[in-house]
Amino acid sequence: MHLRGKAVLSFIRLRVLLILFHTMAQIMAEQEVENLSGLSTNPEKDIFVVRENGTTCLMAEFAAKFIVPYDVWASNYVDLITEQADISLTRGAEVKGRCGHNESELQVFWVDRAYALKLLFVKESHNTSKGLEATWRLSKVQFVYDSSEKTHFKDAVSAGKSYECQAQQTISLASSDPQKTVTMILSAVHIQPFDIISDFVFSEEHKCPVDEREQLEETLPLILGLILGLVIVVTLVIYHIHHKMTANQVQIPRDRSQYKHMG
């Protein structure tokens with residue numbers, strides 16, 4: 001029994017050492033996050049980069065705005081009326097992030113952490129006709145705001161804490177108050193949370209349907225113009241050839257009296 005007790009104790013110590021080793025390995029895989037929004041020529045767009053051991057593992061470019069409804073007292077101080085706060089993600093925001101094999105995360109804080117945006121990305125594998133194909137999706141969006149912050153919330157009642165696409169996208173977020181919906185507006189989005197080959201280089205982008213439709217609307221008149229021009233050119237060439245062939249043909253006189261002048 002004494003030997004068995006020692007064996008169990010040694011096994012427990014081994015498990016503890018393995019857990020500590022795993023934790024240390026994660027710590028040693030140092031991850032750093034940078035806010036590079038100053039490099040953007042668009043003053044409303046932010047750029048965030050997450051690196052692991054000096055290698056970029058997540059890149060995100062986007063502009064974000066939040067429309068948050070909140071209650072204020074009416075002039076009679078009895079009734080409540082709903083106002084609206086427009087909150088934009090500002091430059092110089094504090095940023096945190098992490099990269100994993102199948103999960104990546106980006107957190108952004110601004111205005112002394114009164115506002116926090118959390119984006120969680122998940123990588124998935126699917127069997128297709130071409131074999132195993134890896135895709136990723138935005139699995140979770142969380143926006144936390146402090147309605148006691150005076151810049152955007154004016155006299156809020158019960159102040160306290162409570163989401164490469166260039167086209168503007170509107171996303172509705174569930175709120176703790178079911179009668180009020182927080183709206184997140186994203187634009188100029190370009191995100192890659194996995195499999196980055198080189199620093200500051202996005203892989204081939206998968207455009208959103210709105211961008212593809214707008215691109216088609218921009219190129220369609222040009223294509224139609226080229227087709228119309230080609231049709232006109234072909235018509236003129238055919239007309240010119242036909243006119244030349246007709247001019248070279250011998251004109252046979254219809255009046256028999258004119259035959260004597262021929263020959």
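**Group meeting: a predicted chain of two helices and ten strands**

Good morning. Over residues 5–9 the pLDDT, the predictor's confidence in each residue on a scale from 0 to 100, stays under 50. For that stretch the model has zero contacts, meaning heavy atoms within 4.5 Å, beyond four places in sequence. Residues 18–28 also have pLDDT below 50, and there the model shows one contact beyond near neighbours in sequence.

This is a predicted model, in which local features need pLDDT of at least 70 and side-chain atom pairs count only at pLDDT 80 or more, while totals for chains, interfaces and linings use all residues. Residues are numbered from 1 along each chain as its sequence is written, and side-chain values use heavy atoms, with hydrogens and water left out.

For the protein chain, the mean pLDDT is 77, and 68% of the residues reach 70 or more. Confidence is lowest in helix H1 (residues 2–28), with a mean of 48, and highest in strand E6 (residues 103–110), at 95. Helices (H or I, at least four residues) and strands (E, at least two) are DSSP runs, numbered from the N terminus. From that terminus, the elements run α-β-β-β-β-β-β-β-β-β-β-α. The chain has 263 residues, of which 30% count as buried; buried means under 20% relative accessible area, exposed over 50%, and partly exposed in between, with a 1.4 Å probe and protein chains only.

I turn to the sheet. Four strands form an open sheet in the order E5-E6-E7-E8, with antiparallel pairing; two strands pair if DSSP finds at least two bridges between them. Strands E5 (94–99) and E8 (131–145) are the edges, each pairing on one side only. On average, neighbouring strands of this sheet are turned by 15 degrees against each other, direction ignored; the axes are lines fitted to C-alpha atoms, for helices over the stretch in contact, and angles run from 0 to 180 degrees between N-to-C directions. Strand E7 (residues 115–128) is joined to E8 by 14 bridges, and the two run antiparallel. Ala116, for instance, has Val144 as its bridge partner in E8.

Next, the interior. A nonpolar core is a set of buried Ala, Val, Leu, Ile, Met, Phe, Trp, Tyr and Cys residues joined through side-chain atoms within 4.5 Å. Which members of the largest nonpolar core touch the most other members? They are Phe62, Leu106, Trp110 and Phe143, in a core of 40 residues. Strand E3 supplies the largest share of this core, nine residues. A second, separate core has six residues, among them Ile47, Met59, Ile196 and Phe202. Leu106, beyond its neighbours within four places in sequence, is in contact with residues including Phe48, Val50, Phe62, Val95 and Leu119.

Finally, two glutamates. Is Glu61 buried or exposed? Glu61 lies in strand E3 (residues 55–73) and is buried, because its relative accessible area is 19%. Its side chain makes a polar contact with the side chain of Lys45 at 3.4 Å; a polar contact is a pair of N or O atoms within 3.5 Å, where within protein one must be able to donate a hydrogen and the other to accept it, and residues adjacent in sequence count only if both atoms are side-chain atoms. Beyond four places in sequence, Glu61 also touches residues including Ile47, His190 and Phe202.

Glu83, in strand E4 (residues 80–88), counts as partly exposed because its relative accessibility is 36%. Glu83 and Tyr70 are 13 residues apart in sequence and 5.4 Å apart in space, C-alpha to C-alpha.
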